[in-house]
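Dear colleague,

Please find below the structure that I am handing over to you. My notes on what was found in it follow directly after.

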Amino acid sequence: MILGDRDLKYYLEKGWIVIKPLKEDNIRENGVDMRVGGEIARFKMTDELFEEGKDVSGFFQKETGEEFVIKPNEHVLLVTEEYLRLPSDIMAFVNLRSSLRDLGLPYHPR
């Protein structure tokens, strides 16, 4: 079941879901709009194997800024300006807004 705006507002009011900072207009009919923060991690192309307990800093490069260019077929991790906390019985999907897809930023859910 996907929570609608009424349920989201109820869960937020009860403190079951926490989003900070949150503006009332961030809540949509089927989700919450969150903003991209000022940090990005770009994955590096490498043939090195990842091993548990190994330093992971060689697998990505962190950048900070107000704007980022994402190259074709590049995988990145982004932070949001909002802090989100969910209870253990709730999960969230992160989807790209259709307005950004319309500008040509591809999104392939996996």
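**Contacts of Leu8 and the nonpolar core**

Leaving aside residues up to four places away in sequence, Leu8 touches Leu3, Ile17, Ile27, Arg28, Gly31 and Val32. Please bear in mind throughout that this is a predicted model.

Leu8 also belongs to the largest nonpolar core, a set of seven residues whose other members are Leu3, Tyr11, Leu12, Ile17, Ile19 and Ile27. Helix α1 (residues 5-14) supplies the largest share of this core, namely three residues. In soluble globular proteins, nonpolar side chains tend to be buried together.

**The chain as a whole**

The chain contains two helices and seven strands. Read from the N terminus, its elements follow the order α-β-β-β-β-β-β-β-α. The chain has 110 residues, of which 17% count as buried. Its accessible surface comes to about 9,500 Å², and carbon and sulfur atoms account for 53% of that surface. Of the contacts between residues at least 6 apart in sequence, 57% join residues at least 24 apart.

**Aromatic pairs**

How many aromatic pairs does a search of the whole structure find? The search gives four. In one of them, Tyr11 and Trp16, the ring centres are 5.2 Å apart and the planes stand at 90 degrees, so this pair is edge-to-face. Trp16 has a relative accessible area of 41% and is therefore partly exposed. Tyr11, already named as a member of the core, forms one aromatic cluster with Tyr10 and Trp16.

Another of the pairs consists of Phe50 and Phe59, with ring centres 5.8 Å apart and planes at 70 degrees, so that pair is edge-to-face. Are its two residues buried or exposed? Phe50 counts as exposed, at 53% relative accessibility, whereas Phe59 is buried, with a relative accessible area of 14%.

**Salt bridges**

The structure holds eight salt bridges, and three of them are described here.

The side chains of Arg35 and Glu82 meet at 2.7 Å, N to O, in a salt bridge. Arg35 lies in the loop between β3 (31-32) and β4 (36-43), while Glu82 lies in the loop between β6 (76-80) and β7, so the pair ties together parts that are 47 residues apart in sequence. Arg35 is partly exposed, with a relative accessible area of 33%, whereas Glu82 is buried, at 6%.

A second salt bridge joins the side chains of Lys62 and Glu39, at 3.6 Å from N to O. This pair links distant parts of the chain, with Lys62 in strand β5 (residues 60-64) and Glu39 in strand β4, 23 residues apart. Lys62 counts as exposed, at 55% relative accessibility, and Glu39 counts as partly exposed, at 30%.

The third salt bridge is formed by Arg42 and Glu74, whose closest N and O atoms are 2.7 Å apart. Here too the pair links distant parts of the chain: Arg42 is in strand β4 and Glu74 is in the loop between β5 and β6, 32 residues apart. Both Arg42 and Glu74 are buried. In addition, salt bridges that share partners join Arg35, Glu81 and Glu82 into one network.

**A cis peptide bond**

Which form does the peptide bond from Lys20 to Pro21 take? This bond is cis, with omega near -10 degrees. Pro21 is found in the loop between β1 (18-20) and β2 (27-28). As background, most peptide bonds are trans.

**A nonpolar patch on the surface**

Finally, Met34, Leu84 and Leu86 form a nonpolar patch on the surface, and together they have about 210 Å² of accessible area. Leu86 is found in the loop between β7 (83-85) and α2 (98-102). With a relative accessible area of 30%, Leu86 is partly exposed.

Yours sincerely

Technical notes:
Residues are numbered from 1 along each chain as its sequence is written. This is a predicted model: local features need pLDDT of at least 70, side-chain atom pairs count only at pLDDT 80 or more; totals for chains, interfaces and linings use all residues. Side-chain values use heavy atoms; hydrogens and water are left out. Patches are made of residues with over 30% relative accessible area and no salt bridge: like charges are joined within 9 Å, nonpolar side chains (Val, Leu, Ile, Met, Phe, Trp, Tyr) within 5 Å. Accessible areas come from the Shrake-Rupley method with a 1.4 Å probe; for residues, only the protein chains shown count as cover. A salt bridge is a side-chain nitrogen of Lys or Arg within 4 Å of a carboxyl oxygen of Asp or Glu. Helices (H or I, at least four residues) and strands (E, at least two) are DSSP runs, numbered from the N terminus. Buried means under 20% relative accessible area, exposed over 50%, partly exposed in between (1.4 Å probe, protein chains only). Rings of Phe, Tyr and Trp (its six-membered ring) pair if their centres lie within 6.5 Å; planes under 30 degrees apart count as stacked, over 60 as edge-to-face and the rest as tilted. A nonpolar core is a set of buried Ala, Val, Leu, Ile, Met, Phe, Trp, Tyr and Cys residues joined through side-chain atoms within 4.5 Å. Contact means heavy atoms within 4.5 Å.
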